Every structure is written in C-alpha cells, then in structure tokens.
Amino acid sequence: MTRVLLLVAVVIGFAAVPVQGYSHFGTGVSTVRLHWTTMPVRWFATDRSVPGVSSAQFRSALESAFNTWHEVPTASIQSVFGGMTSVEPFQDDGLSVLGFQDHPEMDRVLGATTFVFDDESGELTEADIFFNSSFEWSTAVGGDATRFDLESVALHEIGHFLGLGHSAVGETEMRPEGGRRVLGSGAVMFPIALGRGSIADRVLQPDDIAGISDLYPANGFGEHTGGVHGRVRRGDAPVFGAHVVAFNMRTRALVGGFSLGDQGEFQILGLTPGPYVLRVEPLDDADPDSFFDVESIDINFQVTYYPRLVVAPSGGVGDEVIVTVRPK
Amino acid sequence: MACVAVFALCASFAVPAIAQTTRPPARSPRGPSVPRLTISVGSGFVSGSGLESADADLRGRSGEPFQLFTTTSRIGGSLPLEARLGWRLNPRYTLEIRGAWARPELQTSIAADVEGAPPVTVAERVDLYSMDLSVVRFFPRSRPRALTPFVSAGAGYVGAVHEGLTLLENGFSYRGGGGIKYPLALRGRGGLNEIGVRADGALVIMNSGLVTGSGPTPQIVASGALYLTF
C-alpha cells in the first residue's frame, strides 16, 4: 500500500494545480482505476462553519451531493455519513473527511480531493476533500449570485472521491485577465466551475453517469449498454490525448473519452445502444494537466468528425474505427 | 407438363359423359371452390424521410443550452423486397400479412460546430425489417380478366438493425393505401387459380422516428409484385 496524494480541483480560472492520475473511465489504458471495493463508504464532515454556511448546512449539502451519486440507476454506490468530527481533511488517518479549509494561496482552487490507494489495484482506502473557505459559499436553494454553490462543487469533488477523473466535455474561452471562462459544460466532472450563482451542476450529466456506471456497474449495466472504440491518427502517426466525444441523436447524450494508447486508441463505454456521431477535438479547453500528468498531449489538429455514424451495440463494442485528423 | 395432365384428365371424363346423356348430371355436393390463398413477391421504392433535428448541447452557465453542434438526420430512399401472404375472407375482403426488408442509409448532417469545423454529412446503412397485418378490400371487377382496384389498411412492427446484430430501433408502423391488380392468366378449379401482377401505393407511418426519437415518421411506399392465387 502506498499513500499517493492526488490533488484534483475545481478552479475558477485555469487549473493552476496538478494533477490527477485517473483518466476518464473506459479508456482502459495505462492508468489505474481508482475505486472503492467496500461499500458503504464511510465519510465524516469537519465540524466547522464558514460565513454563509453553518456546519449543519454543510453536512446537508454533502449528503445531497452523495445522494445524487447514489441515485444513478445504472451504478451501485453506497456511502454513509459517519458523523461530524474535529479532524481535518488531508491527514493520513484512515478517515475520509470533508471539510472547509482556508487556502488563500490557492486563489483559483475551490476544492480538492486527495486519496490513499493501493497503487497496483487502485483500491481506495481513504479520500479527503477540502473546500476552500477563501471563497464565499452558499447553500441557498436557488443559489446566490455572489457566491459559489456548495452542493455543485461537492458533487464534483465527490465524483473524484469515488474515483472519477476529470471530463473534457466542455467549451471555454480565455479571459482577458487570465484563466478560462466556461461557455458550456457537458459534465459535472469538467475541471472548471460554471461560476458564482450557478446551481446547474447539482445535476449529473450523461458523461458523469456513464463514467460512474462504468466504475461501479449495477446489475445489467454491461449487458444493456455498449461502447465504441478505435484509434485517432494524423497521417500514419497516432494522436495521443485527443478528446473523442460520442453524441447520441436520440438521447442527446454526449459522452467523452481520450485517445491514450500508444497507437492513439480510445474507448468509450456505458453508451445507450444506437448510432453515434463521433467528434474528435484537441484537448485545449482546459490545461492538459487537469486531465493527465503527461506532457505529450497532441493538440495540433483540427476538430474532425468521423465520416460514418458509429453504432454502439448492446452488450459490447462495435467495430474499430480509425479517425484521421488533419493538422491545424 | 401440367397442361398436358389437365387436358388428359378432362378427356378421360369426356368419354363416359357422352355415354350418360340420358341421365341428368349429378349435382356437386359443394359449391365451386373459391381461391383462398394468395402469395405475392415483389419490390418497390420507399421514399426517404426526414427525421428530427438534434442539437448537441452543453450546459451553459445559467443552465441554458450551449450549442456544440447541430445534427439533422434522415432515412434515405431504399428498394425493399416484399412478400405477402393473403387469406381471402370473402370475395371482397382479404387478410394479408406483409414482410419486407430494405437497406436504407441513415444520414446525419452536422453543422454549426462551435469550433468552426466544416459541415459534413455522415451515414451508415441499416437493415430495416417490417411485418404488418392488413385488411384489403377489393372492388368488384367487371369481368374475370380486368383491373381490380383495392384499398388496404393495417399495422405492424418495424425494426432497424445494424450489421445484423444491433437492434437500433423498433416500434409500430401503420399503413394505409391502395392499388390495383391484374390477372395475367386464369386457371380452372383447384391448385393454382390465378397468376397476376399488382401495384401498391401506401403511406407508412412509423410511430417513433428512427434514431432521433422524433415523432411519427411518414414514408411513401410504392411497389409492384407478381402474385399467385391458389
């Protein structure tokens, strides 16, 4: 067992902090799938309030966020609130603790998650989350335009807590003052928060549901869903780190994956069976460090659609597709 | 060979008939046999049909949709193979089971990509199977060898399958239409009674749109077939 500290963050600007080691679910290459093997997962909340959020409201927001993950019908997840505690997050004590901490030096980080896991099997034994009390928080039902919504950020961080990495299904633009601003997000697990006042990320999106269901599949999930797989190439060379998004015209679901194999392989699982449009784009809507701790991400190509519809069969993956992209 | 056999059989009966001219012919215990079963096989054309548009939307900052790209899908025209089995209920009404197979192309046009990717149309062939049950109402014809108009209405099942493995969609279909049939050859009683051709036209409505889950999808179907009546 090795204590491995992984810091994953929701940021309001660009991701200034490294890194997390789990790529998106379903890629199935080179990375360890972090996951809990014993359910329910017991978690504790630090008994500390911050302006705008009492400790009771803090606990309630966390329970709502955990319940949102529990209620994914295609996933099998259980957790239980262990109680309020004076223990701080990020202590290697065998307790999974969620709490506020003041980190003014992390001026773009709303929250972060650390793990203790077996670096061979990926089995999680502890995960801690801190919410940065340098920011102003709200638990108002309809949100507060001047504050960040605690439940939305908690839903994202608990996704990490359960073993999910960041999703790249989203679009951003550069801000004149630096950092990025989200234009649209296709996943709660997108690494950049929607912004103050938004409560939209209290609700999971198809990409989140596919990811968590792939990691903790409920009975029948594998039989009733399908996948697509293939490779991304530019000429004869594989493209590493391309973002591949499958779009289902019937459900309107967008589910993403990455080409992370030596040959630019990608795989997207957990799809509703049916035909899909495949869109391949460079990973340039957030700092690549938000997704992988590698430096060889290839973003020098144009957005490309695979020229055929790709069918995800029920209970399996379809034929391999080769997506050929052109340089910018 | 069949014609020779029929002729030979009639000739053998002709001789004793002449010898029995003094007796009235025995009345048949049954009425004339009514053709009951019709089989037809043919092909035709199914029109393409537009399907619903579907936008690939992200979640905007306030929860409003932020468009990543748009798609518009359609089923291309196809040449189906059709087979029908009809059971005549009475001289005017026939109950008909129809099975058909076609390989239309599913086409999706992609446009308005947020990052400026050029518009493109992607496609994939699917196998479209349908089976339905119809009631056919024939109108009286003036003479045995004449055009016979008919109308029909029915309902059935339709399924789209990809590469024989993946059921993409299934549901109910409703059809209404009509046509004409024309006998090319008429025969006597028993066995094969009639050989002819028929032309059908119908409006078929699938209750849920293929692929996009849109509302009813209408298609115009025209077909021709050779039929055999027994």
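The exercises below work through a predicted model of two chains, each with a solution in steps.

Residues are numbered from 1 along each chain as its sequence is written, and chains are lettered from A in the order in which they are written. In this predicted model local features need pLDDT of at least 70 and side-chain atom pairs count only at pLDDT 80 or more, while totals for chains, interfaces and linings use all residues.

**Exercise 1. The two chains**

Task: Describe the helices, strands, burial and contacts of chain A and of chain B.

Solution: Begin with the elements, where helices (H or I, at least four residues) and strands (E, at least two) are DSSP runs, numbered from the N terminus. Chain A has four helices and 19 strands, and chain B has one helix and twelve strands. Read from the N terminus, the helix of chain B is followed by its strands, in the order α-β-β-β-β-β-β-β-β-β-β-β-β.

Next comes burial: a residue is buried if 20 or more other C-beta atoms lie within 10 Å of its own, exposed if 12 or fewer, and partly exposed in between, with C-beta atoms placed from the backbone. By this rule, 55% of the 328 residues in chain A are buried, and 29% of the 230 residues in chain B are buried.

Last, two residues are in contact if their C-beta atoms, placed from the backbone, lie within 7 Å. Among contacts between residues at least 6 apart in sequence, those that join residues at least 24 apart make up 71% in chain A and 61% in chain B.

**Exercise 2. A covered strand**

Task: Explain why strand S13 of chain A is described as largely enclosed, and find its partners.

Solution: First count the buried residues: S13(A) spans residues 243-248, and six of its six residues are buried, so the rest of the structure largely encloses this strand. Then look at each face in turn, since His243(A), Val245(A) and Phe247(A) are buried on one side, and Val244(A), Ala246(A) and Asn248(A) are buried on the other.

For the partners, note that two strands pair if DSSP finds at least two bridges between them. S13(A) pairs in the antiparallel sense with S16(A) over six bridges, and Phe247(A) has Val277(A) as its bridge partner there. S13(A) also pairs with S14(A), again in the antiparallel sense, over five bridges, and here Phe247(A) stands opposite Leu254(A). The hairpin of S13(A) and S14(A) has five residues between the strands, and in this hairpin Arg252(A) takes a positive phi near 65°.

**Exercise 3. The core and a covered helix**

Task: Which residues touch the most other members of the largest nonpolar core, and what covers helix H3 of chain A?

Solution: A nonpolar core is a set of buried Ala, Val, Leu, Ile, Met, Phe, Trp, Tyr and Cys residues joined through C-beta atoms within 7 Å. The largest such core has 116 residues, of which Val244(A), Ala246(A), Leu271(A), Tyr276(A) and Leu278(A) touch the most other members. Helix H2 of chain A (residues 150-162) gives the largest share of this core, seven residues.

Now take Leu271(A) by itself: beyond its neighbours within four places in sequence, its contacts include Ala210(A), Val228(A), Ala246(A) and Tyr276(A). Ala210(A) is one of the buried residues of H3(A), and this helix, residues 206-215, has ten of its ten residues buried. What covers these buried residues includes H1, H2, H4, S14 and S15 of chain A.

**Exercise 4. The barrel of chain B**

Task: Trace the closed barrel of chain B and say why Gly86(B) counts as buried.

Solution: Follow the strands in the order S1-S4-S5-S8-S9-S10-S11-S12, which form a closed barrel of eight strands with antiparallel pairing. Neighbouring strands of this sheet are turned by 25° against each other on average, direction ignored; for such angles, axes are lines fitted to C-alpha atoms, for helices over the stretch in contact, and angles run from 0 to 180 degrees between N-to-C directions. One pair is S10(B) and S11(B), which run antiparallel and are joined by 13 bridges.

Finally, Gly86(B) is found in S4(B), and this glycine is buried because 20 other C-beta atoms lie within 10 Å. Outside its neighbours within four places in sequence, Gly86(B) is in contact with Thr38(B), Thr94(B), Leu95(B), Glu96(B) and Val136(B).
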